[in-house]
Amino acid sequence: MSQRRTASSPAARAAAADAPDTRENQLLAIARRLFARDGYERTSMRDIAEVADITKAALYYYFPNKEALYERVVLESMQSLVDDVSAAVAAADSPTARIRAFMQSSADVFDLARDRWIAGSRAFREGGRGGQHLAAIALRDRYENLLRQCITEGIASGEVRAIDPAIAGRFLLSGLNQMTNWHRPDGRLGVTEVMRQFLDMALHGLLAEARPADTAAARPRAARSAKV
């Protein structure tokens, strides 16, 4: 079933941002593809110009330096991610639903704009320590703190047991971030389904409820421990 795209939906925004309807968008798409494949540091302005079949001078007309590309590839992508996830969380009606909304909407962004996600992640890690990188860190912190807030609210409500929200947030996000290393767009499961299973395992655990045989077997062990 096809997903209906409204003008304000993540799918619509991803499609519009990636649409090669202008030369600038074409150059951004090339830069994202090279950043995703080779990394930010190993991709030069010359590399981008060669793939685009233009001169470096022509590329500089659109982007005066690689830092300007960093701003477009990383900062705009991260701001869009924060906006989309924040909207999804705000629409959820319980702490557990907000945790699910955070992770599922993040997975949707990754699924709809894979090159953008990977390119932004690699540029974020490799992009130095300038003012734009500090701005990217601030956006990352807003994103991660939103998840921690959802977890904290879950603990306060009693829906989530007492755990460290920061560690729980890193645990959940590690599953999403690792998908860039193994998930294939043409694989058996889509990103949304993978994330749904991740969340079910994270929120409900791997073990089924204790069976009577397990409970009976545990009693002798408990009794032996009591005698020691």
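This report describes the fold of one protein chain, two of its helices, several single residues and one pocket.

**Overall make-up**

The model is predicted. Its secondary structure comes to eleven helices and zero strands, so no strand interrupts the order α-α-α-α-α-α-α-α-α-α-α along the sequence. The chain has 228 residues, and 36% of them count as buried. Among contacts between residues at least 6 apart in sequence, 65% join residues at least 24 apart.

**Helices α5 and α6**

Helix α5 covers residues 66-91, which is 26 residues. From the first C-alpha to the last, α5 reaches 37 Å, close to the 38 Å expected at 1.5 Å a residue. The N-terminal end of α5 is capped by Asn 65. In this cap, a side-chain oxygen lies 3.2 Å from the backbone nitrogen of Glu 67.

Helix α6 runs over residues 95-112. Its 18 residues should span 26 Å at 1.5 Å a residue, and the end C-alpha atoms are 26 Å apart, which agrees. The buried residues of α6 include Pro 95, Arg 98, Ile 99, Phe 102, Met 103, Val 109 and Phe 110. Gln 104, Ser 105 and Ser 106 are also among the buried residues of this helix. The buried residues of α6 pack against α5, α7 (114-126), α8 (131-157), α9 and α10.

Ser 105 can be looked at on its own. Is Ser 105 buried or exposed? Its relative accessibility is 12%, so Ser 105 counts as buried. A polar atom of the Ser 105 side chain lies 2.6 Å from the backbone oxygen of Ala 101. Leaving aside residues up to four places away in sequence, Ser 105 touches Val 85 and Ala 88.

**Two residues of helix α7**

Arg 116 is found in helix α7, and Glu 126 has its place in helix α7 too. Arg 116 has a relative accessibility of 14% and therefore counts as buried. A polar contact of 3.3 Å joins its side chain to that of Ser 77.

Glu 126, at 23% relative accessibility, counts as partly exposed. Residues up to four places away in sequence not being counted, Glu 126 touches Gly 39, Tyr 40 and Glu 41. For Tyr 40, the backbone nitrogen lies 2.7 Å from a polar atom of the Glu 126 side chain. Glu 126 and Arg 42 are 84 residues apart in sequence, while their C-alpha atoms are 9.6 Å apart in space.

**Two residues in loops**

His 183 lies in the loop between α9 (165-182) and α10 (191-204). Why does His 183 count as buried? The reason is its relative accessibility of 8%, because buried means under 20%. Outside the residues up to four places away in sequence, His 183 touches Arg 114, Leu 189, Gly 190, Val 191 and Val 194. With Leu 189 there is a polar approach: the backbone oxygen of Leu 189 lies 2.7 Å from a polar atom of the His 183 side chain. Val 194 is eleven residues from His 183 in sequence and 9.2 Å from it in space, C-alpha to C-alpha.

Asp 53 is found in the loop between α3 (45-52) and α4 (56-62). Asp 53 has a relative accessibility of 69% and so counts as exposed. Although Asp 53 is not a glycine, it has a positive phi of about 60 degrees.

**Polar distances to side chains**

The table collects polar distances given above.

| Side chain of | Partner | Distance |
|---|---|---|
| Ser 105 | backbone oxygen of Ala 101 | 2.6 Å |
| His 183 | backbone oxygen of Leu 189 | 2.7 Å |
| Glu 126 | backbone nitrogen of Tyr 40 | 2.7 Å |
| Arg 116 | side chain of Ser 77 | 3.3 Å |

**The second largest pocket**

The second largest pocket has a volume of about 410 Å³. It is lined by 16 residues, and the closest to its centre are Val 160, Arg 161, Ile 163, Ala 202 and Leu 203. Which helix gives the largest share of the lining? That share, four residues, comes from α9. Helices α6, α9 and α10 each supply at least two residues of the lining. By class, the lining has ten nonpolar, two polar and four charged residues.

Definitions and conventions. Residues numbered from 1 in each chain as written. Predicted model: local features only at pLDDT ≥ 70, side-chain atom pairs only at ≥ 80, totals over all residues. Heavy atoms only, no water. Buried < 20%, exposed > 50% of the residue type's maximum accessible area, 1.4 Å probe, protein only. Contact = heavy atoms within 4.5 Å. Polar contact = N/O pair within 3.5 Å; in protein donor to acceptor, adjacent residues only side chain to side chain. 1 Å grid on protein atoms, 1.4 Å probe; cavity = no way out; pocket = protein on both sides within 12 Å on 5 of 7 lines; lining within 4 Å. Points joined across faces, edges and corners; volume = space filled by probe spheres on them. Nonpolar A, V, L, I, M, F, W, Y, C, P; charged D, E, K, R; others polar. Expected span 1.5 Å × (residues − 1).
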